[in-house]
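Here are a few exercises to work through with the model open beside you. Try each task before reading its solution.

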Amino acid sequence: MLTTHYVPGSPNWLDLGTPDTDAAAEFYGAVFGWTFQSAGPQAGGYGFFQLDGKTVGAAGPLTEEGASSAWTAYFRTSDADATAKAVQQAGGAVRVPPMDVFTAGRLAAFTDPTGADFAVWQPGDTKGLETVMEANTLCWTELYTTDAAAAKAFYTSVFSWEYQDMPMGGDLVYSVVSSPGGGKEGDAGQGGIMQLQEEHLKAGSASEWHPYFGVTDCDATFATATSRGASVMIPPSNAPGVGRLAMLKDPAGAVFALIKGDPNMT
């Protein structure tokens, strides 16, 4: 399970790149009850999603040429520069070189060898998200990938991740990700890696990370999201032993998922 006691390799930040920050704030405010607080005039439009006064994510305008709206998962590092070198040595690419964000911390952004974008956060004054595993907050990160074996080898090299492979029928395997020191045995899972199936690859699906937000009622939240312009990727459905989940694209095209039923979620 996710916690705010961040260990190296665990998800510690999440932000949304979007062409219209005001529209995104309105959408996610309606869906999750979040408010948006600007990080100030020097932040270039970047700001924080908050719930009950605690930061649950962030958003800002798209800054990379040709970029599409997307959520970016950040993983904790104690040395962003060393992680950048590890990414390159493991066959990944550096999209944004390590840089200081005032006194908040140091970030870098990468693309893994299968094409999925992700980032790292080296904490300074800002340690990370202030709450997770509550209703309407981050409770899981997931990678859909064109090559699960290559992705797992890459992230093991960069973050020393460990995996628990769970058969899902046929040739389908879901790999639960954990970071060393990330939790007690049985509850250390922080995310998953899943191979895109042949039909998805033929349809042009690409590797991507996306967040899951915990909700108290998957169907009701799904209905609110679609009524506000979200498009459906996976309608609400039951996942045995997991809960009830759905996956959507927000009005600007960023992928996110909903889940109700994680026994660790309050």
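## Exercise 1: A helix pair

The crossing of helix 1 and helix 5 is right-handed (the near helix is turned clockwise from the far one; anticlockwise by less than a right angle would be left-handed). Before going on, note that this is a predicted model, in which local features need pLDDT of at least 70 and side-chain atom pairs count only at pLDDT 80 or more, while totals for chains, interfaces and linings use all residues. Residues are numbered from 1 along each chain as its sequence is written, and side-chain values use heavy atoms, with hydrogens and water left out.

Task: find at what angle helix 1 and helix 5 cross, and which residues make the contact.

Solution.
- Step 1. Locate helix 1 at residues 21-32 and helix 5 at residues 218-227; their axes come within 9 Å and cross at roughly 155°. Axes are lines fitted to C-alpha atoms, for helices over the stretch in contact, and angles run from 0 to 180 degrees between N-to-C directions. Helices (H or I, at least four residues) and strands (E, at least two) are DSSP runs, numbered from the N terminus.
- Step 2. That angle makes helix 1 roughly antiparallel to helix 5 (over 145 degrees; under 35 is roughly parallel, 65 to 115 roughly perpendicular and the rest oblique).
- Step 3. Phe27, Ala30, Val31 and Phe32 of helix 1 make the contact with Thr221, Thr224 and Ala225 of helix 5 (heavy atoms within 4.5 Å).
- Step 4. Sorted by class, this contact has 5 nonpolar, 2 polar and no charged residues. Ala, Val, Leu, Ile, Met, Phe, Trp, Tyr, Cys and Pro count as nonpolar, Asp, Glu, Lys and Arg as charged, and the others, Gly among them, as polar.

## Exercise 2: The open sheet

Task: work out which strands stand at the edges of the sheet, and what packs on it.

Solution.
- Step 1. Trace the strand order 10-11-12-9-13-16-15-14, an open sheet of 8 strands with mixed pairing (two strands pair if DSSP finds at least two bridges between them).
- Step 2. Strand 10 (162-167) and strand 14 (231-239) each have a single partner strand, so one side of each lacks a neighbour in the sheet.
- Step 3. On average, neighbouring strands here are turned by 25° against each other, direction ignored.
- Step 4. For a parallel pair, take strand 13 (residues 208-214) and strand 16 (residues 255-260), joined by 3 bridges. Phe213 has Leu258 in strand 16 as its bridge partner.
- Step 5. Helix 5 packs on the sheet, where it touches strand 14, strand 15 (243-249) and strand 16, and its direction makes about 10° with that of strand 15.

## Exercise 3: A hairpin and two loop residues

Task: describe how strand 6 and strand 7 are connected, then decide whether Thr131 and Ser160 are buried, partly exposed or exposed.

Solution.
- Step 1. Strand 6 (residues 93-101) pairs with strand 7 (residues 105-111) in the antiparallel sense over 6 bridges, and Val101 stands opposite Gly105.
- Step 2. The two strands form a hairpin with 3 residues between them, and Phe102 in the turn has a positive phi of about 50°.
- Step 3. Thr131, in the loop between strand 8 and strand 9, counts as buried at 12% relative accessibility. The cut-offs are under 20% relative accessible area for buried, over 50% for exposed and partly exposed in between (1.4 Å probe, protein chains only).
- Step 4. Ser160, in the loop between helix 3 and strand 10, is partly exposed at 43%. Phi of Ser160 is near 60°, a positive value in a residue other than glycine.
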